[in-house]
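The following explanation is intended for a reader who meets this structure for the first time. Please keep the sequence and the model in view while reading.

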Amino acid sequence: MTERLIELKDIKKSYGNVYALGGVDLWVDKGEVVGLIGDNGAGKSTLIKILAGAVRPSGGEILVRGKKVFGWSAARSREAGIETVFQDRALAMQQSIVRNIFMGNERTNRFGFLKVAEEVREADRLMREIGFTSKVFTPHSIVGQLSGGERQGVAIARAIYRAADLIVLDEPTTALSLAETSKVFHFVRQVKANGRSIVFIGHNIHHVFDIADRFVVLDRGRVALQAGRDQIKTAEDLIGYMEHVAHQGRLAADGSLAKGVAR
Ligand SMILES: Nc1ncnc2c1ncn2[C@@H]1O[C@H](COP(=O)(O)OP(=O)(O)OP(=O)(O)O)[C@@H](O)[C@H]1O
Ligand SMILES: [Mg+2]
């Protein structure tokens, strides 16, 4: 039985008379990694900002575990267990891993003092949960000294600490080397193994192909393709579909793989 965590239905967003999103459906099941891809300006960030409650949609509805939620907002999104790691993920580079994880959510006693030991234990547990195993770094290490992939790990750990069932990563590997990217993939696989869900936004189709269970391709504010990993054999096939979409418009009215398109 799959458990539907969240469902966005017919989401529209217009800026003036420009439609950034023209009626998009997106759903995420428990324990699933959804790869959200599409060209610059396709609407990926707009869609996840709506999911985060940071941007209000012009139309459509949002369901959490099958129930329609009214008055969707950042607070509702967080209540639903959604945490987004935005492109500029706002880590404090001069601060330690533990301070970054608890930033804005500090654990204090009734006198307002930080429960430092408890936070360090919890940071250690979180880093372990996502598979951050380093002999060099401890929760006290300064984030500015970590590699790009490890910093993504800190951002993911922070999202988990905020009780995320669904973690949205907006282009987490864009600026990273191959080795750093594989670190992020390792974290994502751990997060999934722990029953959480991920929406992974990427430009590099090969990256997304390697990590996602299902692909959603946005094209000019619409879902051009929605396909499971089992429906697409190679990253090249996925790129082929996307090129087809770019030239021919959508593959099928329902966004599914149209017959005769597969090469
Ligand atoms: N605040 C805004 N005001 C006006 N137009 C906007 C605004 N935010 C986004 N848009 C427009 O909406 C469209 C979708 O933008 P969005 O940032 O969601 O794309 P994206 O798929 O995330 O692109 P990228 O891959 O470059 O990050 C673009 O045409 C963009 O110019
Ligand atoms: Mg974007």
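The paragraphs below move from an antiparallel sheet to the surroundings of the ligand, then to a buried strand, a helix and a few individual residues.

The model is a predicted one. A good place to begin is an open sheet of four strands, whose order is S2-S1-S4-S5 and whose pairing is antiparallel. Strand S2 (18-29) and strand S5 (67-68) stand at the edges of this sheet; each has a single partner strand, so one side of each is left without a neighbour in the sheet.

Strand S1 covers residues 4-15 and is joined to S2 by nine bridges in the antiparallel sense. Within this pairing, Ile6 has Val28 of S2 as its bridge partner. S1 and S2 form a hairpin with two residues between them, and Gly16, in the turn, has a positive phi of about 65°. S1 also pairs with strand S4 (residues 59-64), again in the antiparallel sense, over five bridges. Here Lys12 stands opposite Gly59 in S4.

One residue of strand S1 deserves separate attention, namely Asp10. Its phi is positive, at about 50°, although Asp10 is not a glycine. Is Asp10 buried, exposed or partly exposed? There are 13 other C-beta atoms within 10 Å of Asp10, and a residue counts as exposed with 12 or fewer and as buried with 20 or more, so Asp10 is partly exposed.

The next stop is ligand 1. Which residues surround ligand 1? They are Tyr15, Ala20, Gly38, Asn40, Gly41, Ala42, Gly43, Lys44, Ser45 and Thr46. Helix H1 (residues 44-51) gives the most to this shell, with three residues. By character, the shell around ligand 1 divides into three nonpolar residues, six polar residues and one charged residue.

Attention now turns to strand S3. Five of the five residues of S3 are buried, so this strand is largely enclosed by the rest of the structure. Both of its faces are covered: Val33, Gly35 and Ile37 are buried on one side, and Val34 and Leu36 are buried on the other. S3 pairs with S8 in the parallel sense over five bridges. It is joined by four bridges to strand S9 (residues 214-219), and these two strands run parallel as well. Gly35 takes part in both pairings: its bridge partner in S8 is Phe200, and its bridge partner in S9 is Phe215.

Helix H6 (residues 178-193) can be checked against a simple expectation. Its 16 residues, at 1.5 Å a residue, should span 22 Å, and the end C-alpha atoms are 22 Å apart, which agrees. The buried residues of H6 are Thr181, Lys183, Val184, Phe187, Val188 and Val191. These residues cover an arc of only 155° around the axis, which puts them on the same side of H6. On the other side of H6, by contrast, Leu178, Ala179 and Ala193 are exposed.

What do the buried residues of H6 pack against? Their partners are strand S3 (33-37), helix H5 (148-161), strand S7 (166-170), strand S8 (197-202) and helix H7 (205-211). The buried strand S3 described above is therefore one of the elements against which the buried residues of H6 pack. Just after H6, Gly195 takes a positive phi of about 85°.

Two loop residues complete the description. Arg220 lies in the loop between S9 and strand S10 (222-228). Although Arg220 is not a glycine, it has a positive phi of about 45°. Arg220 has 18 C-beta neighbours inside 10 Å and therefore counts as partly exposed.

Phe86 lies in another loop, between strand S6 (82-85) and helix H3 (97-102). It is partly exposed, with 16 other C-beta atoms within 10 Å. How far apart are Phe86 and Arg110 in sequence and in space? The two residues are separated by 24 residues in sequence and by 33 Å in space, taken from C-alpha to C-alpha.

Conventions
Residues numbered from 1 in each chain as written. Chains lettered and ligands numbered in written order. Predicted model: local features only at pLDDT ≥ 70, side-chain atom pairs only at ≥ 80, totals over all residues. Near = placed C-beta within 6 Å. Nonpolar A, V, L, I, M, F, W, Y, C, P; charged D, E, K, R; others polar. Pairing = 2+ DSSP bridges. Expected span 1.5 Å × (residues − 1). Arc of directions from axis to C-beta. Contact = placed C-beta atoms within 7 Å.
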